[in-house]
Amino acid sequence: KQPGSTRRNGNRVSLAAPVKRVSWNRSLSTRGRTSIAVGACVDYQPQAKHAKRKGKPALPKGKFVQPPNFEKEKTYFQEVDAFELLEESPSPKNFGTWAMDGQSNNIIIPHLSSRLEKWLLSKKLNHSVGPSSTLSKILETPAMPLEPICGDDFGSLNLRTPEKSSMKTNSQLPSVQSRSNSILVDKIVIEGDINSQKCNTASVNEGHEGCEDIEVAIKKLSLASTSASLDHDQSDPFAALLAVCGQSSPSKLKDVFSNYCEPENIIKIGEGTFGEAFKAGRYVCKIVPIDGDLRVNGEVQKRSEELIEEVILSRTLNCLRGDGGDGCNSCTTFIQTIDLKVCQGSYDGTLIKAWEDWDEKNGSENDHPKEFPEKQCYVIFVLEHGGKDLESFVLLNFEEAESLLVQVTAALAVAEAAYEFEHRDLHWGNILLSRNGSETLQLTLEGKHMVVKTFGLLISIIDFTLSRINTGEDILFLDLSSDPYLFKGPKGDRQSETYRKMKEVTDDCWEGSFPRTNVLWLLYLVDILLLKKSFERNSRHERDLRSLKKRLDKYHSAKEAIFDPFFSELLITECD
C-alpha cells in the first residue's frame, strides 16, 4: 500500500482529510469563556418608583414648532473623531493604507491569512513555534513589531524560525519553499517579458514597488492568502505546484511512466483512499488526483495547496540521505523521492489494464479510474521500491523484530534532531520492509556516527500526509482539528487510540512541536509486535518487549528513546 490509507474491519477510513496545510486555508478557532463584566462599587438597590410625569400640553392649533438643530454639535464631534483616527487608527478615507503619526505610508496591508492568525495564537501557547519568513522576504522590509496591528505584547518579531539549542538545523539547505518561490518569481518575470503589454515586469524586478504588485506577490508566493477573486484562488496554487515540480505545464501520465519502464510492463501493486500505486521498473509511482469535481472513492479530491506541502516535505526528508546535508544528521530510512510530476488527462489503456488486473486478483475497493475526465489533474510521486508493508510482511524471528524497532526509532530521532519532524501516522501500512542481505546500517545523530545492526532487514518509512516538519524557513503541518472523524475510531483499536492520544498531547494545536507523538507510534509498534505479528520468539523476548513498552511511556521524544537499554546491543556509536 504505497498510498496512505487504513482499513479497519474491512472498511476504509480516510486519514488524509480534504483540508489544507499550514501555509493555506487554516481556520482560527477562538475557544474560551465569554465573560460579562459588572462594574464595581455600584449600588444596585431597587429604586423607588417616581411619580409619573405629566404629559406636555397640547399645541395650539395652526402653530408649527421648529425642531432643535444639532448641526454645530455634529460638526464638532466629527472634527474630533477625524483627528483621533489620523493619530491612532487606520485612515477612514484610505482604508487600504496604514497611517501613523499623522502620515500616510501608502503601503498596502496584505490580508491577514488564516495561517498567520493561527500562528499568532500558537505564539501565545507554544514559544517553540516559529513563523514563516515568506512575507518578510516578499515585502523586503525589516522585522517590525506586531503591536500596532493587534495590540498584543509579542515584542519584536524576527521573521525566521528560531532554532532550539538542541536542534541542528541544516544550515546549508536552502528552504524548499524559498526555492519554489524563486522559481515562481522567475516564471512571472519571464511571462511578463513575453506579454509586456499585459504585465509591467519592471515592478516585479524592482521588488514589487507598486501596491498591486505586492498583493499579487503575496498571493503567488506566500501560498497563504485568500483572494476575493475565485480565479486567483484556483490558479495560483496550481501554478505554484507546477513551479515546485519544475514544470511550466502538466505532463501526460504515459510520458512520465515511459521514463521508467515500457508501458506494457506497468503493474499495479497497491491502492489507498486518495491514490493508486503502480510499479514502473525499479520504482513505484503513486498517482494522486487533485483539483477535480469528481469524488474519489467517496471523498473530495485533494487540492493543489495541500499537495504542495507534501511535495516540499518529501524533498526535505530526501536531504537526510546526505544530498545537500551538513553531516550532523543523516539516515536513509525515509523513502527516497525520485521525482515529482504534475499530470493531466485520463488514464491511458496500459494503466487501465494494470488496474483491472489488480481488481481481478485482489478485488479493488476503489472506483474505476476510467471515470476520470480528460481535464483531470494528478500529482505523481516517483518513489524507490521499499518492499511490503508491515501488515503483510512475515517476520522470521525476534532479531528481525528488534531490527524493525531500532531502525524506526533511530530514523525518527534523526529527523527530530534535523527538522523537529513528527510522522503522526506511523501505522503498519506506512512501514515497508525488505531483505537486502546487509547486516548493518549507518546513520548520524547530532554529529555522532552510529552503526545499526539490521540482521539483513531494511526498513522504509512512507506517507507524510499528516506529518509536521520545521524546514528552518517554514513549518509545515496538517491541521487535524479539521478532521474530527479521525479521532472517533473504535475503542480498543490500537491505531484509533494512538490518534486520540496524539490529540491529548498536542491539545489540538497541531502546528506546535510535540515529539512525544513519535513515541506514541513507537508504543503502537510494540503493541503490534506483541498482539498481531507472529514470529519465532520465547517468553524472555515477550518480557523484553513489555519492559520496553513501560520505559517508552516515560520518554518525550525518539531522541530519548533511542538510548533505551533495549537498543544498546543493536546500536553502536563509532569513536571519532
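**A walk through the predicted model, starting from strand β9**

In strand β9 (residues 377–384), 8 of the 8 residues are buried, so the strand is largely enclosed by the rest of the structure. The model described here is predicted, and β9 is a convenient place to enter it. Strands of a sheet pair through backbone hydrogen bonds, and the pairing is either parallel or antiparallel. For β9, one partner is strand β7 (residues 283–290), joined to β9 by 8 bridges in the antiparallel sense. Within this pairing, P289 has Y378 of β9 as its bridge partner. Strand β8 (residues 337–344) also runs antiparallel to β9, with 7 bridges between them. Here T337 has L383 of β9 as its bridge partner.

Y378 leads on to the aromatic rings. A pair of aromatic rings is described by the distance of the centres and the angle of the planes. By the distance rule used here, the model has 14 aromatic pairs. In one of them, the ring centres of F372 and Y378 are 5.7 Å apart and the planes stand at 90 degrees; because that angle is over 60 degrees, the pair counts as edge-to-face. Both F372 and Y378 are buried. Ring pairs also link these two residues with F257, F278 and Y347 into a cluster. Another pair is made by W521 and Y524, whose centres lie 5.2 Å apart with planes at 75 degrees, so this pair is edge-to-face as well. W521 and Y524 sit in helix α14 (residues 516–531), 3 residues apart, which is about one turn of the helix. Both W521 and Y524 are buried.

Some rings have a charged group over them. K503 lies over the face of F487, 5.0 Å from the ring centre. At F535, the charged end of R537 sits over the ring, at 4.6 Å from its centre.

Two open sheets come next. One has 3 strands in the order β10-β11-β14, with antiparallel pairing. Its edges are formed by β10 (388–389) and β14, each with a single partner strand, so one side of each is left without a neighbour in the sheet. Between β11 and β14, which run antiparallel, there are 5 bridges. In this pairing, L432 stands opposite S460 in β14. Helix α12 packs on the sheet, where it touches β11 and β14, and its direction makes about 40 degrees with that of β14.

The other open sheet also has 3 strands, in the order β12-β13-β17, and its pairing is antiparallel. The strands at its edges are β12 (440–445) and β17 (571–573); each has a single partner strand, so one side of each lacks a neighbour in the sheet. From one strand to the next, the twist averages 30 degrees. β13 and β17 pair in the antiparallel sense over 3 bridges, and V451 stands opposite I572 in β17. Helix α12 packs on this sheet too, touching β12 and β13, and its direction makes about 25 degrees with that of β12. Helix α12 is thus in contact with strands of the β10-β11-β14 sheet and with strands of the β12-β13-β17 sheet.

The loops near these elements hold two unusual backbone angles. Most residues other than glycine have a negative phi. R424 has a positive phi of about 70 degrees although it is not a glycine. R424 is placed in the loop between α12 (398–419) and β11 (431–435). Is R424 buried or exposed? With a relative accessible area of 0%, R424 is buried. F455 is likewise not a glycine, and has a positive phi of about 55 degrees. Its place is in the loop between β13 (448–453) and β14 (457–461). F455 has a relative accessibility of 25%, so it counts as partly exposed.

Finally, the chain can be viewed as a whole. It has 16 helices and 17 strands. Of its 576 residues, 49% count as buried. Among contacts with a separation of 6 or more, 73% are between residues 24 or more positions apart. The accessible surface of the chain comes to about 30,100 Å², and carbon and sulfur atoms account for 51% of that surface.

Conventions. Residues are numbered from 1 along each chain as its sequence is written. This is a predicted model: local features need pLDDT of at least 70, side-chain atom pairs count only at pLDDT 80 or more; totals for chains, interfaces and linings use all residues. Side-chain values use heavy atoms; hydrogens and water are left out. Helices (H or I, at least four residues) and strands (E, at least two) are DSSP runs, numbered from the N terminus. Buried means under 20% relative accessible area, exposed over 50%, partly exposed in between (1.4 Å probe, protein chains only). Rings of Phe, Tyr and Trp (its six-membered ring) pair if their centres lie within 6.5 Å; planes under 30 degrees apart count as stacked, over 60 as edge-to-face and the rest as tilted. A charge sits over a ring if NZ of Lys or CZ of Arg is within 6 Å of the ring centre and within 35 degrees of the ring normal. Two strands pair if DSSP finds at least two bridges between them. Contact means heavy atoms within 4.5 Å. Axes are lines fitted to C-alpha atoms, for helices over the stretch in contact, and angles run from 0 to 180 degrees between N-to-C directions. Accessible areas come from the Shrake-Rupley method with a 1.4 Å probe; for residues, only the protein chains shown count as cover.
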